[in-house]
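Visitor: I would like to learn how to read a protein model feature by feature. Could you walk me through one?

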Amino acid sequence: MPVTVLVPDDYGVGVLARLDEIRPVRYSPGEPLPAGAELAEVLVPAFLARPDSIDMAGLPKLRLVQMLTAGAERWIGRLPDGVLLSNARGAHGGSSAEWVVAALLTIYRELTEFADLRREQRWYQHRTDTLAGKRILGIGAGDLGIELRRRVEAFDATLTLVGTTARDGVHGVDELPWLLSEFDAVVLMVPVTDQTTGMVDAEFLAKMADGAVLVNVARGPIVRTEALLAELVSGRLRAALDVTDPEPLPPEHPLWTAPGLLLTPHVAGSSRGSLERAYAVVAAEIARFTAGQLPKNLVRGDY
């Protein structure tokens with residue numbers, strides 16, 4: 001008997017309909033579940049959807065929630081016992097790594113400042129910094145870390161990775177107090193867990209080198225916003241944030257006008273082809289699940 005999969009968009013329905021033993025059913029988040037949803041064994045939440053957007057009581061046969069994103073923190077601990085949670089790791093690492101490189105290039109080559117000068121019609125020719133030769137520390141050694149290393153090395157920069165535990169080519173998170181001061185930029189690429197929430201606090205930031213750049217392409221709660229604001233206002237550190245805490249950033253929040261900050265509205269993984277890449281991972285994970293295997297991207301909380 002085919003496995004019923006709840007899908008939030010027409011594109012996903014078309015992709016999953018091509019798989020054997022899969023019956024995709026279209027639903028709309030926030031609206032009553034369609035007929036047949038009570039048979040669903042797999043749920044694909046919409047991009048950045050929350051668990052309260054779905055009537056879980058109406059899904060008695062649910063066995064797997066398969067995300068379209070790498071971040072699954074909103075769903076951890078919010079599912080019935082026995083329901084697996086799998087993310088879309090591998091779908092957005094390349095585009096997110098591209099954003100990190102673009103952010104660092106923008107900061108080092110002063111592209112924002114040159115854009116401001118153009119609006120002022122001022123021709124201020126001067127020497128800028130460069131990404132070449134920079135030592136970058138990446139906290140998070142998953143798909144995004146691998147994709148970022150390939151890209152920064154093309155600019156003659158180096159990337160050192162940190163994971164939950166030390167392993168071949170990866171430092172352990174316990175080494176951070178001794179590592180932070182040795183790098184020109186620190187890139188956050190970790191999931192939100194009890195261990196990572198607030199890990200970038202005043203003590204963490206104080207250990208970073210003067211003039212270093214903090215890049216957050218993970219999730220806003222990883223960083224203590226007030227601690228980062230203090231460093232930005234002092235001018236000691238710079239930052240590039242694709243995510244914030246709170247998010248969306250409300251009007252009049254001090255991050256809007258903080259000096260030394262490049263800010264984008266959670267778009268690092270959102271680029272042309274992102275939906276296609278996400279559903280390629282989703283289809284593979286669901287096919288694996290319906291064949292009686294565990295998904296490769298089960299959310300376990302490490303990095």
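Guide: Gladly. Let us begin inside the fold, with Asn216, which is found in strand 10, residues 213-216. Keep in mind throughout that this is a predicted model.

Visitor: Is Asn216 buried or exposed?

Guide: The general idea is to compare relative accessibility with a cut-off: under 20% means buried. Asn216 has 1% relative accessibility, so it counts as buried.

Visitor: Which backbone atom lies 3.1 Å from a polar atom of the Asn216 side chain?

Guide: That is the backbone oxygen of Arg219. For the wider surroundings, we set aside neighbours within four places in sequence; Asn216 is then in contact with Trp99, Leu188, Val223, Ala240, Leu241, Asp242 and Val243.

Visitor: Leu241 is in that list. Where is Leu241 found?

Guide: Leu241 belongs to strand 11, residues 238-241. Its relative accessibility is 3%, and therefore Leu241 counts as buried too. Beyond four places in sequence, Leu241 touches Trp99, Asn216, Leu228, Leu255, Leu261, Leu262, Leu263 and Thr264. Trp99 is thus a contact of Asn216 and also of Leu241.

Visitor: And how does one relate sequence separation to distance in space?

Guide: Take a pair and look at both numbers. Leu241 and Ser270 are 29 residues apart along the chain, and their C-alpha atoms are separated by 15 Å.

Visitor: Leu228 was among the contacts of Leu241. Which residues of helix 7 are buried?

Guide: Helix 7 covers residues 225-234, and its buried residues are Thr225, Ala227, Leu228, Leu229, Glu231 and Leu232. Here is the general idea: an α-helix has 3.6 residues a turn, so residues three or four places apart point the same way. You can look for that spacing in the list yourself.

Visitor: What covers the buried residues of helix 7?

Guide: The cover includes helix 6 (202-207), strand 10, strand 11 and strand 12. Just after helix 7 comes Gly235, with a positive phi near 85°.

Visitor: Which residues other than glycine have a positive phi?

Guide: Two cases to look up are Glu21, with phi near 60°, and Glu110, also with phi near 60°. Glu21 is in the loop between helix 1 (10-17) and strand 2 (22-26), while Glu110 is in the loop between helix 2 and helix 3 (111-119).

Visitor: While we are on backbone angles, where should I look for cis peptide bonds?

Guide: Check omega, particularly on the bond leading into a proline. The bond from Asp245 to Pro246 is cis, with omega near 10°, and another cis bond joins Glu247 and Pro248, with omega about 0°. Pro246 sits in the loop between strand 11 and strand 12 (261-263), and Pro248 lies in that loop between strand 11 and strand 12 as well.

Visitor: Now for helix packing. At what angle do helix 2 and helix 4 pack?

Guide: Helix 2 (residues 93-108) and helix 4 (residues 143-153) pack at about 50°, and their axes are 8 Å apart. Angles from 65 to 115 degrees would be roughly perpendicular and those under 35 roughly parallel; this pair is therefore oblique. The crossing of helix 2 past helix 4 is right-handed.

Visitor: Which residues make the contact?

Guide: Helix 2 contributes Gly93, Gly94, Ser96, Ala97, Glu98, Val100 and Val101, and helix 4 contributes Asp143, Leu144, Glu147, Leu148, Arg151 and Val152. Sorted by class, that contact holds 6 nonpolar, 3 polar and 4 charged residues.

Visitor: What does the side chain of Ser96 reach at 3.0 Å?

Guide: It reaches the backbone oxygen of His92. Ser96 is in helix 2, and with 9% relative accessibility it counts as buried, because the cut-off is 20%. Farther than four places along the sequence, Ser96 touches Leu144, Val217, Ala268 and Gly269.

Visitor: May I try the same reading on helix 1 and helix 8? What are their angle and axis separation?

Guide: Helix 1 and helix 8 (residues 274-290) pack at about 40°, with axes 10 Å apart. They are therefore oblique to each other, and helix 1 passes helix 8 in a right-handed crossing. Tyr11, Gly12, Val15 and Leu16 of helix 1 meet Leu275, Glu276, Tyr279, Ala283 and Ile286 of helix 8. By class, this contact divides into 7 nonpolar, 1 polar and 1 charged.

Terms used:
Residues numbered from 1 in each chain as written. Predicted model: local features only at pLDDT ≥ 70, side-chain atom pairs only at ≥ 80, totals over all residues. Heavy atoms only, no water. Axes fitted to C-alpha atoms, helices over the stretch in contact; angles between N-to-C directions. Helix = DSSP H or I, 4+ residues; strand = E, 2+ residues; numbered from the N terminus. Parallel < 35°, antiparallel > 145°, perpendicular 65-115°, else oblique. Left-handed = near helix turned anticlockwise from the far one by under 90°. Contact = heavy atoms within 4.5 Å. Nonpolar A, V, L, I, M, F, W, Y, C, P; charged D, E, K, R; others polar. Buried < 20%, exposed > 50% of the residue type's maximum accessible area, 1.4 Å probe, protein only. Polar contact = N/O pair within 3.5 Å; in protein donor to acceptor, adjacent residues only side chain to side chain.
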